[in-house]
Amino acid sequence: MITNPKVEEYLFRLVPDRSPLLQRLEQEAADEGIPIVQLPSAQVMRMLLLLHRPTSILEVGTAIGYSTIWLAEAAPDARIVTMEIDEERLSRAQANIKEAGYADRVEILSRDATLGLPDSYQFDCLFIDAAKGQYQKFLDLYLPMLRVGGMVISDNVLFRGLVASPEEAGKRQRPLVDKLIHFNQQLATRPDMETTFIPVGDGLSISVKKA
């Protein structure tokens with residue numbers, strides 16, 4: 001946890017009731033160990049999207065479609081492109097997004113996100129929540145497709161707090177933690193982006209693309 005557990009529990013209680021579908025997906029993710037965006041982070045994302053009002057969103061990492069449904073609910077005018085490499089999760093995501101009633105607005109791609117997309121794609125918002133060690137590659141690939149003034153949201157950028165104390169990471173985690181530290185530093189110093197970091201959930205970074 002990157003926040004006081006009591007504060008985290010309090011924030012969870014303040015999140016408005018979700019649809020039965022979202023609550024079911026939360027339970028499935030907990031039971032099966034599927035990583036999904038944490039509730040306080042999802043609520044921050046919802047508020048940002050309500051303010052930003054994007055008409056096109058790229059999501060890198062679909063999993064079972066939980067965050068995709070949050071995005072679709074918060075941005076009712078947006079078309080969403082989402083990518084997932086795991087075929088079983090992708091199949092579940094398709095069914096869940098259809099059940100939510102958003103299949104007509106969501107294009108689900110069975111694709112390795114490290115391969116990029118055709119240049120014809122353009123977006124107002126980019127949500128990164130896939131392989132943490134590839135965040136820099138995802139940003140390099142998809143930032144050129146983001147319109148000026150567009151928003152980049154990245155989840156898990158504080159990674160259980162280990163980015164602040166990498167010496168506490170285990171042998172297997174340390175390379176990933178080092179990559180996230182580098183990614184965060186890039187976000188903080190790039191002249192073409194304005195970025196802030198929010199210690200909520202597992203850490204969110206919010207960036208705006210500048211001219």
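1. Is R92 buried or exposed? In this predicted model, R92 is buried, with a relative accessible area of 19%. The cut-off for a buried residue is under 20% relative accessible area. R92 nevertheless takes part in charged pairing: its partner E28 has its closest oxygen 3.0 Å from the nitrogen of R92, and the two form a salt bridge. This pair links distant parts of the chain, with R92 in helix α5 and E28 in helix α2, 64 residues apart.

2. A further salt bridge of R92 is made with E88, at 3.7 Å from N to O. E88 and R92 are four residues apart in helix α5 and are therefore separated by about one helical turn. E88 is partly exposed, with a relative accessible area of 47%. Through salt bridges that share partners, R24, E28, E32, E88, R92 and E99 are joined into one network.

3. Within that network, R24 pairs with E99, their closest N and O atoms being 2.9 Å apart. R24 lies in helix α2 and E99 in helix α5 (residues 87–100), with their positions 75 residues apart in the chain. R24 counts as partly exposed at 31% relative accessibility, whereas E99 counts as exposed at 52%. The model contains 13 salt bridges by the rule applied.

4. The largest nonpolar core has 33 residues, of which M45, L49, I57, Y66, I69, L71 and I153 touch the most other members. Two or more residues each are given to this core by α2 (20–32), α3 (39–52), α4 (66–74), β4 (123–128), β5 (146–155) and β7 (204–209). Helix α4 supplies the largest share, six residues. Another core, of 30 residues, lies apart from this one and includes V81, A113, L126 and F159. In general, nonpolar side chains tend to be buried together in soluble globular proteins.

5. Two members illustrate the packing of the largest core. M45, in helix α3, is buried, with a relative accessible area of 2%. Apart from neighbours within four places in sequence, M45 is in contact with V37, L71, F127, I153 and L204. With residues up to four places away in sequence again left out, L71 touches M45, L49, I57, E59, I80 and F127.

6. Which residues of helix α6 are buried? In this helix (residues 135–142), Y135, Q136, F138, L139 and Y142 are buried. They cover an arc of only 160° around the axis, and therefore lie on the same side of α6. The cover over these buried residues includes β1 (56–60), β2 (79–84), β4, β5, α7 (174–189) and β6 (193–198).

7. Two backbone conformations deserve a look. Most residues other than glycine have a negative phi. A63, which is not a glycine, has a positive phi of about 55°; A63 is found in the loop between β1 and α4 and is buried, with a relative accessible area of 12%. F159, likewise a residue other than glycine, has a positive phi near 40°. The place of F159 is in the loop between β5 and α7, and F159 is buried at a relative accessible area of 8%.

8. On the surface, V7, Y10, L11 and L14 make a nonpolar patch of about 350 Å². V7 belongs to helix α1 (residues 5–14) and counts as partly exposed, at 41% relative accessibility.

Definitions and conventions
Residues numbered from 1 in each chain as written. Predicted model: local features only at pLDDT ≥ 70, side-chain atom pairs only at ≥ 80, totals over all residues. Heavy atoms only, no water. Core = buried A, V, L, I, M, F, W, Y, C linked by side-chain atoms within 4.5 Å. Buried < 20%, exposed > 50% of the residue type's maximum accessible area, 1.4 Å probe, protein only. Contact = heavy atoms within 4.5 Å. Arc of directions from axis to C-beta. Patch = residues over 30% accessible without salt bridge, like charges linked within 9 Å, V, L, I, M, F, W, Y side chains within 5 Å. Areas by Shrake-Rupley, 256 points an atom, 1.4 Å probe, with all protein chains shown as cover. Salt bridge = Lys/Arg side-chain N within 4 Å of Asp/Glu carboxyl O.
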